[in-house]
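Visitor: Please take one part of this model and go through it closely. I would like to know how a single strand is placed among its surroundings.

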Amino acid sequence: MERFNPFKGMGVAVVTPFNAEGGIDFSALGQLIENQLAGGADFLCLLGTTAETPCLTADEKAEVVRFFVKQVNGRVPLLVGAGGNCTATVIDYLTHADLTGIDGVLIVTPYYNKPTQEGLFQHYKAVAAATNLPVILYNVPGRTGVNMTAETTLRIAHDCPNVVAVKEASGNLAQIEKILAGAPEGFEVLSGDDAITYELLLLGAAGVISVVGNALPAAFADMTHAIREGRTADALAIHHSLNDLYPLLGVDGNPAGVKTLLAQQGSIANVLRLPLVPASTKTAEGIAEWLKAHC
């Protein structure tokens with residue numbers, strides 16, 4: 001089987017807008033999608049961490065999938081978050097969910113139960129065997145409590161031909177460089193951290209699954225595309241312009257920061273589902289100051 005990754009360039013981990021009553025605001029979501037596509041997004045990721053997926057019901061998740069498929073209508077590839085910390089449950093979802101119109105699945109390392117490296121390998125091997133869709137691994141130890149090593153990532157990549165990439169959010173550049181150096185043909189790295197995307201793209205990453213791209217798709221797409229086109233000076237200028245924003249978006253957790261930014265832009269209501277809450281007043285003031293200075 002020839003390995004092919006359809007997820008390259010600037011992808012967006014799309015937020016789930018909620019209305020004042022706490023329901024999904026599909027009108028706002030549709031406009032966000034259009035803004036991201038107009039800004040140059042190359043693909044969209046739905047039902048990821050940024051979407052507050054753990055706080056969505058099964059029916060809501062199915063409705064979100066249907067909405068994205070209809071709204072995007074094949075204009076860019078769609079990547080759906082489908083991970084979990086029970087292998088059998090993930091397989092059941094991949095086997096029975098209606099993923100018509102979805103181009104790949106993002107599978108986070110199992111969280112809370114902290115599997116060994118062998119457990120991670122066996123989990124991904126079983127999950128990859130359960131779907132014909134391209135699979136992207138997602139390593140985010142700050143959230144899951146376990147780091148998937150470069151050796152394990154490469155073992156999965158060599159053993160599972162439909163595993164096409166890893167979204168790396170470990171922040172460990174040495175580890176990511178090992179993956180890039182040892183990757184089999186067609187297996188790629190995607191940045192899972194906006195703040196180091198510039199560096200990772202220079203090292204050879206194929207793209208990013210971005211948070212800031214929700215609110216500033218044109219800027220982040222321009223940076224991503226400039227590096228891929230060899231215009232590193234242009235990319236560096238954009239990267240520098242965003243440097244003060246990155247920590248503001250993360251200090252109170254994701255997606256609290258980016259939802260504050262989007263609310264200040266007038267795109268969505270600043271509503272999250274418990275246990276998440278909006279960013280602090282101090283953070284909101286910092287984001288407002290950044291917007292005033294740069295936009």
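Guide: What follows is a look at strand β2 and the elements around it, in a predicted model.

Strand β2 covers residues 43–46. Both of its faces are covered: F43 and C45 lie on one side, L44 and L46 on the other, and all four are buried. In a regular strand, side chains alternate between the two faces of the sheet.

Along its edges, β2 pairs with two strands. Strand β1 (residues 9–13) runs parallel to β2 and is joined to it by 3 bridges; within this pairing, F43 is the bridge partner of G11. Strand β3 (residues 78–81) is also parallel to β2, again over 3 bridges, and here C45 stands opposite L79. From β2 the chain crosses through helix α2 (residues 58–72) to β3, a right-handed β-α-β crossover. A right-handed β-α-β unit is likewise made by β1, α1 and β2.

The side chains of β2 also lead into the interior. L44 and L46, together with F68 and V105, touch the most other members of the largest nonpolar core, which has 81 residues. Helix α1 (residues 26–38) gives the most to this core, with 6 residues. In soluble globular proteins, nonpolar side chains tend to be buried together.

F68 shows how these pieces meet. Beyond its neighbours within four places in sequence, F68 is in contact with L44 and L46, and also with V14, L29, I33, N73 and L78. A second core of 16 residues is separate from this one and includes L106, I136, V164 and L190.

Methods:
Residues are numbered from 1 along each chain as its sequence is written. This is a predicted model: local features need pLDDT of at least 70, side-chain atom pairs count only at pLDDT 80 or more; totals for chains, interfaces and linings use all residues. Side-chain values use heavy atoms; hydrogens and water are left out. A nonpolar core is a set of buried Ala, Val, Leu, Ile, Met, Phe, Trp, Tyr and Cys residues joined through side-chain atoms within 4.5 Å. Buried means under 20% relative accessible area, exposed over 50%, partly exposed in between (1.4 Å probe, protein chains only). Contact means heavy atoms within 4.5 Å. Two strands pair if DSSP finds at least two bridges between them. A crossover is right-handed if, with the strands pointing away from the viewer, the path from the first strand over the helix to the second runs clockwise.
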